[in-house]
Amino acid sequence: MKELYESVLFEKHILVHDSSRKEEHPFETLFSLANLFGIRIISGEELVQSEMIHVAERELGTNVPEPFYRGFPESVRELSPDRLLFDQLVHYMVTYGFGDFSAPGHSLFEGDRKGDFERAAFKENTEIREFSVLTEDEAMVKLTEMADGLLAGSRPLSKRQYELVLDITKEPGYRLPAIASKDTAVRLLLDTGSLRFADSLMLSDVIRITDELSYAHNNNMNLRKLNLRNKDRVFLTGMIDRLLANGRCDLRTCYEKKQIWNGLLHHIHYKAKSPEGQAFVDAMRGKGNRSVYSDFERAMSERRVSEAARILREGKGSGAVLRNLNYLISRCGTKAEVDEVLSCVDTKNVILLIQLLLQYSNYKAAGEARTFRFTKHTKLKVYKETEEDMARRGTNLSEDVTGQLAEVIRTRLAGVLKGRLGKVYISPGMERYALPLQETTSQGGFGVLTRGTRIPIGEGRKLRAFTYWEKVNDIDLSVFGIDETGGRREFSWRTMAGNQSDAITYSGDETSGYNGGSEFFDIDLPRFRNKYPDMRYLIFCDNVFSRVSFTDCFCRAGYMFRDRKDSGEIFEPKTVESAYRINCDSMFAYLYGIDLATNDLIWLNMARDSQAAVAGTTGMDFLTDYFHVTDVINVASFFTMMATEVVSDPAEADVVVTDQPVEVLEETEVIREFDLERMIALMNQ
């Protein structure tokens, strides 16, 4: 089975039996999985194979390269700040000064200790991971269901999710369902060249196709300065003709980008081959503009707000009214007008309702700068309002109004979802998990959860953050403390020589890691809170100091929960909670954060569109918004809305939502915290 398939299934706690192999040592394999990785097989024991040890090793890591201080964390705490700094200066001189990255650099001083790096045998308590083993046929059924769920999602997919969908759609006999996301349809269309993926697109989507073709395939960021090849022109011409012939011409929507259409038609030398094509060309090259937004803006400029809302609803649907709700409400002169605008909000788009619920539940008041976040080509872009922006802002809403909007949207959402699933059992703690809404910028791997999800860090434990890499000289792991006012304190290679302590310990800056480098942080949260009482949050980042993209090297990151009193090796696979591949087309990635007030780890997992070689040069206070997502809506409240009845006994349920092992009847559907594809399908049902 493909490595991608094995990897995706491993994330779901599934191993796959290879029918072409005969296993002679099943007991030894079961013992090794348990002893090395804490994996217990709960079903399919008879299918276990020794190759599964290598799969677990690949996904969780075993041969992780040593960090700069091989005795981490004990040896680091024993060295003085002067020695720590001198160690690093010598190392930098050898690498960046002399250009010698041929061998890993290590401390000159920690070897002074007697009995170098002898570690106590590993004796920490670890949680058992329950896995199942499937046959290849069973695994393909599971993978197909996952792909179907992802294709049902209206939001763009992450790189990992898209890779799975792309490979599954190439499998013989796969029946392609309707593709809800135009972004996904466009990517599949361009990557495969198969026009079957255009069946869910409209003529206006050719602009999106051109954008993706120009950027992803021709490395051109500016759509207004096209640099298409002849075969691209032929492809786009054929696409336009096909969509026109199939009646997929949404002329009013095409008017919205009339200027871009004119440039594109000129660039590809388009000549109409049908009356429909000629009518389209004449419309784009004529002087008029009959777009819905043109009529909408005309009504808004004349203060006909209620009519403007109706124009949007009739021309673009209720979703367009919701997307412009700030604009509309801020121009209403009376409560009656507000009520008329809200009467146009009758969408059943669950994703849109959830996004707006989050927006209005955390709305910034008039005196606060807003931070706008959006994605372009799977990377996060961030823009924070300036004082001039705030002064020009024309869409200020009061707290009373935003509260009213949030309540209207929550009521609407509950009404749309009500009764979809029958009787539902929801395990305690599922309110800590966020819903998969915007995963475009996320990386994939074992233990990865949705942005905003909270993971409790048990008392008596500490968090060990890690990153390791190959095929690049220097990747930096860093931590930033943020206080309640947005003030920031940096813990990184630039600052840690004089800040090592039992509250936060850093493994040293490894800058000769082409053949394998690693960095670690240990955070003892009670001690950290005592030492830095003003800090409320911690943010963990990875960036490529060598100024290449993560796509040009191999990098994994993740975290472990370790006992405060260490035993075993620096990297113990049994303690790994998450290990995931960072392979975004960027030099910068946010990993996760910690809420020091609640002792929770919070998932971030975002690739930022940044060429910053040093993490401390970018703003990140906006990230704390994600720390409160589950306060507004979460997995537990989502499934509560869908249930006809929430039951207290799993045996009575049609659907069980849990992050714990649970015994249920065979016909009961079990949805785990990592079953994001199923949640996506339900949100888009």
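The dialogue below asks how terms and values for this predicted model are justified.

Tutor: This is a predicted model, where local features need pLDDT of at least 70 and side-chain atom pairs count only at pLDDT 80 or more, while totals for chains, interfaces and linings use all residues. Residues are numbered from 1 along each chain as its sequence is written, and side-chain values use heavy atoms, with hydrogens and water left out.

Student: What makes up the secondary structure of the chain?

Tutor: The chain has 25 helices and 21 strands. Helices (H or I, at least four residues) and strands (E, at least two) are DSSP runs, numbered from the N terminus.

Student: Why is the chain called as compact as a globular protein of that length?

Tutor: The radius of gyration is taken over C-alpha atoms, and the globule rule is 2.2 Å times the number of residues to the power 0.38. For 685 residues the rule gives 26 Å; the chain has 27 Å, which is close to that, so the chain is as compact as a globular protein of that length. Along its principal axes the C-alpha trace spans about 85 × 60 × 55 Å.

Student: How much of the chain counts as buried?

Tutor: Of the 685 residues, 54% do. Buried means under 20% relative accessible area, exposed over 50%, and partly exposed in between (1.4 Å probe, protein chains only).

Student: What share of the contacts joins residues 24 or more positions apart?

Tutor: Such pairs account for 74% of the contacts with a separation of 6 or more. Contact means heavy atoms within 4.5 Å.

Student: Why is the pair Lys316 and Glu256 called a salt bridge?

Tutor: A salt bridge is a side-chain nitrogen of Lys or Arg within 4 Å of a carboxyl oxygen of Asp or Glu. The N to O distance for Lys316 and Glu256 is 3.0 Å, so the pair meets that definition. The pair links distant parts of the chain, 60 residues apart: Lys316 is in helix H15 (residues 305–316), and Glu256 is in the loop between helix H11 (251–255) and helix H12 (258–267).

Student: Why are these two residues called partly exposed?

Tutor: Lys316 has a relative accessible area of 30% and Glu256 has 31%. Both residues therefore count as partly exposed.

Student: How do you know that Asp659 and Arg432 form a salt bridge?

Tutor: Their closest N and O atoms are 3.3 Å apart, so the definition is met. Asp659 lies in the loop between strand E20 (655–658) and strand E21 (669–672), and Arg432 in the loop between strand E6 (422–426) and strand E7 (445–446), 227 residues apart. Asp659 has a relative accessible area of 10%, so Asp659 is buried.

Student: What is the closest N and O distance between Arg678 and Glu669, and how exposed are the two residues?

Tutor: The closest N and O atoms are 2.6 Å apart, and the pair forms a salt bridge. Arg678 is partly exposed at 31% relative accessibility, and Glu669 is partly exposed at 27%. The structure holds 40 salt bridges, and a network of them links Arg454, Glu484, Arg536, Asp595 and Asp600.

Student: What makes Asp509 a residue without a salt bridge?

Tutor: The nearest side chain of opposite charge, Arg494, is 9.5 Å away, and Asp509 is buried yet has no salt bridge. For charge, Lys and Arg count as positive and Asp and Glu as negative; His and the chain ends are not counted. Asp509 is found in the loop between strand E12 (504–506) and strand E13 (517–523). Beyond its neighbours within four places in sequence, its contacts include Phe68, His91, Trp493 and Glu519.

Student: What is notable about phi in Arg547 and Asn605?

Tutor: Most residues other than glycine have a negative phi, and most peptide bonds are trans. Arg547 has a positive phi, near 65 degrees, and Asn605 has a positive phi of about 50 degrees.

Student: Which of these is buried and which is exposed, and why?

Tutor: Arg547 has 58% relative accessibility, so Arg547 counts as exposed; this residue is in the loop between strand E14 (535–544) and strand E15 (554–563). Asn605 has 2%, so Asn605 counts as buried, and its place is in strand E18 (residues 600–608).

Student: How do you know that the bond joining Phe72 and Pro73 is a cis peptide bond?

Tutor: Its omega is about 0 degrees. Pro73 is in the loop between helix H3 (51–60) and helix H4 (74–78).
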